[in-house]
Amino acid sequence: MSKQQFDREAILNLSRSMAKGAPTKPAAHRGTHHAKIDRSKTDFATMDLYQQITIQRQMAEKLQTRDPYFVLHESRAGATTIVDGKELINFASYDYLGLNGLDEVHQAAKDAIDQFGTSVSGSRPTSGERPFHRTLEQQLADLYQSEAALIFVSGHATNVSTIGELLGPTDLVLFDAYSHNSVTTGCKLSGATRRAFKHNDFDDLERILEETRNAHDRVMIVVEGLYSMDGDMPDLARLVELKDRFGAWLMVDEAHSLGVLGATGKGLFEQQGVDPKKIDIWMGTMSKTMSGCGGYICGNQPLIDILKFFASGFMYSVGLSAPLSVAGSKALEIMQHEPWRVEKLQSNGRYFLKAAQAAGLDTGLSAGFCVVPVIVGDSLRAVKLSNNLMDRGIYAFPITYPAVPMNSARLRFFISATHSEEQLQQAVDITAEELRKLEDANFSIASALSNLNAD
Ligand code: PMP
């Protein structure tokens with residue numbers, strides 16, 4: 001049995017052994033007219049999805065670890081955070097340039113509320129738009145040297161609506177195997193033929209294009225500027241060559257690369273010296289570097305016009321609020337006027353990666369920018385490590401299967417320009433120490449399972 005199969009089987013066994021306390025199914029209703037309807041199916045508590053959550057909670061309790069989800073924080077997300085009155089060094093938030101805590105950004109958002117209120121109270125096509133929408137879209141279009149831009153209220157909805165609307169059943173969408181859920185959900189919604197290519201493997205992408213391109217009308221290739229679980233980047237020039245040769249669109253999700261890559265934070269194209277006009281669809285989110293929330297698409301005018309009228313997540317959704325739009329605008333201004341923030345983030349990323357590698361931690365594919373994983377393999381070990389780090393003043397979230405492949409569970413460290421080198425070093429030292437303890441104790445799904453069975 002492969003290690004992967006073993007882990008999957010072990011999780012299932014562990015779940016079964018713990019399911020004893022899970023809610024039992026209520027008896028099916030025996031109505032005269034609808035005797036065949038199993039009414040227990042409409043009880044949320046009997047759904048597999050709920051059982052999974054219950055089992056997870058029971059597992060956390062039995063293993064005496066905190067449930068890692070929905071931890072209650074008492075302060076804003078910065079380089080540090082407060083949980084249960086205790087200050088922790090925070091590596092679970094993506095305020096990459098430290099703009100979320102800046103007076104200048106706060107003041108601009110407050111002024112915008114005073115003038116325009118907290119909501120625009122309607123969708124832009126029907127209720128109209130306001131100057132801050134157009135200002136932000138112009139700034140984004142300028143950044144990517146594109147003809148136009150469109151802002152959405154959610155980064156996730158931006159990908160779902162854009163991919164979902166542009167492609168149809170006669171088309172093909174090719175996406176990196178490590179793509180974010182918003183990309184894969186958009187691909188499903190589109191009804192296009194979907195193929196994942198191996199992560200950052202453009203020989204694989206080329207092979208699929210050779211085999212399948214001619215059978216489809218339109219083809220879209222979707223990649224990320226910097227991968228959110230692994231912290232590595234694609235080769236943009238190679239992608240441009242492929243998309244030109246095969247007559248495809250190229251869409252790049254810059255969620256984790258805006259403010260992070262390139263000398264002035266403009267992202268992947270600046271980092272790799274590629275003309276941004278060669279990319280058909282630039283996508284990004286406002287929840288990271290731009291210290292708010294929402295998403296954007298930049299490209300040529302026809303693309304933006306199509307999305308304005310047909311992207312459901314834009315057309316049928318409220319416009320971005322004044323404080324969020326203005327916070328995003330201010331963040332872009334500061335990013336461009338204060339390049340030291342980008343430099344500091346990049347040097348922090350390099351520092352953390354080097355220190356982690358020197359401590360013998362497995363940082364996988366990370367290039368050492370804003371995302372550095374510490375791969376521990378076993379899912380339970382990752383959860384326990386995160387728990388133990390929290391006790392020691394470090395907050396880093398565990399990422400487990402299915403968000404990452406089986407046996408590559410990890411703690412993900414988001415690095416910010418506002419972390420100090422002391423904080424970074426402390427996090428590495430404590431992580432290495434706590435991981436060693438778990439390895440020495442052979443803490444894993446398999447050992448937890450045998451301990452529980454022995455109970
Ligand atoms: N794309 C990527 C690569 C992401 O990591 C995320 C979420 N962090 C999104 C899109 C969705 O963005 P948001 O959380 O701003 O909705």
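Student: Which residue in β9 stands opposite Gly284?

Tutor: The model discussed here is predicted. Strand β8 covers residues 281-285, and four bridges join β8 to strand β9, residues 295-299, in an antiparallel arrangement. Within this pairing, the residue of β9 that stands opposite Gly284 is Tyr296.

Student: Is Tyr296 buried or exposed, and what is its relative accessible area?

Tutor: Tyr296 is found in strand β9. A residue counts as buried when its relative accessible area is under 20%. Tyr296 is therefore buried, and its relative accessible area is 0%.

Student: What distance separates the C-alpha atoms of Tyr296 and Met286?

Tutor: Tyr296 belongs to strand β9. Tyr296 and Met286 are ten residues apart along the chain, and the separation of their C-alpha atoms is 7.8 Å.

Student: Why is strand β8 described as largely enclosed by the rest of the structure?

Tutor: On one side of β8 lie Ile281, Met283 and Thr285, on the other Trp282 and Gly284, and all of them are buried. Both faces of the strand are thus covered. Strand β8 is largely enclosed because the number of its residues that are buried is five of the five.

Student: Which residue stands opposite Met283 of β8?

Tutor: Besides β9, strand β8 is joined to strand β7, residues 249-253, by three bridges. The strands β7 and β8 run parallel, whereas β8 and β9 run antiparallel. The residue opposite Met283 is Asp253.

Student: In what order do the strands of the open sheet of three strands stand?

Tutor: The pairing in this open sheet is antiparallel. Strands β10 (371-377) and β12 (397-399) each have a single partner strand, so they stand at the edges and one side of each is left without a neighbour in the sheet. From one strand to the next, the twist averages 30°. The order is β10-β13-β12.

Student: Which residue of β13 is the bridge partner of Ile375?

Tutor: Strand β13 spans residues 409-414 and runs antiparallel to β10, with six bridges joining the two. One of the bridge pairs places Val371 with Phe414 of β13. For Ile375, the bridge partner in β13 is Arg410.

Student: Which residue of β13 is the bridge partner of Pro398?

Tutor: Three bridges join β12 to β13, and these strands run antiparallel. In β13, the bridge partner of Pro398 is Leu411.

Student: How many residues of β13 are buried?

Tutor: Ala409, Leu411 and Phe413 point one way from β13, while Arg410, Arg412 and Phe414 point the other way. All of these residues are buried. The strand is mostly covered, and its count of buried residues is six of six.

Student: Are helices α6 and α7 roughly parallel or roughly antiparallel to each other?

Tutor: Helix α6 (residues 155-166) and helix α7 (residues 181-190) have axes 7 Å apart and pack at an angle of about 30°. Angles under 35 degrees count as roughly parallel. The two helices, α6 and α7, are therefore roughly parallel.

Student: What is the handedness of the crossing of α6 and α7, and which classes of residue make the contact?

Tutor: The crossing of α6 and α7 is right-handed. On the α6 side the contact includes His156 and Ile163, and on the α7 side it includes Val183 and Leu189. By class, the contact of α6 with α7 has no charged residues, five nonpolar and eight polar.

Student: How many charged residues are in the contact of α8 with α9?

Tutor: Helix α8 (residues 202-212) and helix α9 (residues 236-246) pack at an angle of about 5°, their axes being 11 Å apart. The helices α8 and α9 are therefore roughly parallel. Phe202, Asp203, Leu205, Glu206, Leu209 and Glu210 of α8 meet Arg238, Leu239, Leu242, Arg245 and Phe246 of α9. By class, this contact has six nonpolar residues and no polar ones, and the charged residues number five.

Student: Which residues is Thr65 in contact with, leaving aside its neighbours within four places in sequence?

Tutor: Thr65 lies in the loop between α2 (48-62) and β1 (80-83). Its relative accessibility is 12%, so Thr65 counts as buried. Leaving aside neighbours within four places in sequence, the contacts of Thr65 are Ala60, Val383, Lys384 and Asn387.

Definitions and conventions
Residues are numbered from 1 along each chain as its sequence is written. This is a predicted model: local features need pLDDT of at least 70, side-chain atom pairs count only at pLDDT 80 or more; totals for chains, interfaces and linings use all residues. Side-chain values use heavy atoms; hydrogens and water are left out. Buried means under 20% relative accessible area, exposed over 50%, partly exposed in between (1.4 Å probe, protein chains only). Two strands pair if DSSP finds at least two bridges between them. Axes are lines fitted to C-alpha atoms, for helices over the stretch in contact, and angles run from 0 to 180 degrees between N-to-C directions. Angles under 35 degrees count as roughly parallel, over 145 as roughly antiparallel, 65 to 115 as roughly perpendicular and the rest as oblique. Contact means heavy atoms within 4.5 Å. Ala, Val, Leu, Ile, Met, Phe, Trp, Tyr, Cys and Pro count as nonpolar, Asp, Glu, Lys and Arg as charged, and the others, Gly among them, as polar. A crossing is left-handed if the near helix is turned anticlockwise from the far one by less than a right angle, and right-handed if clockwise.
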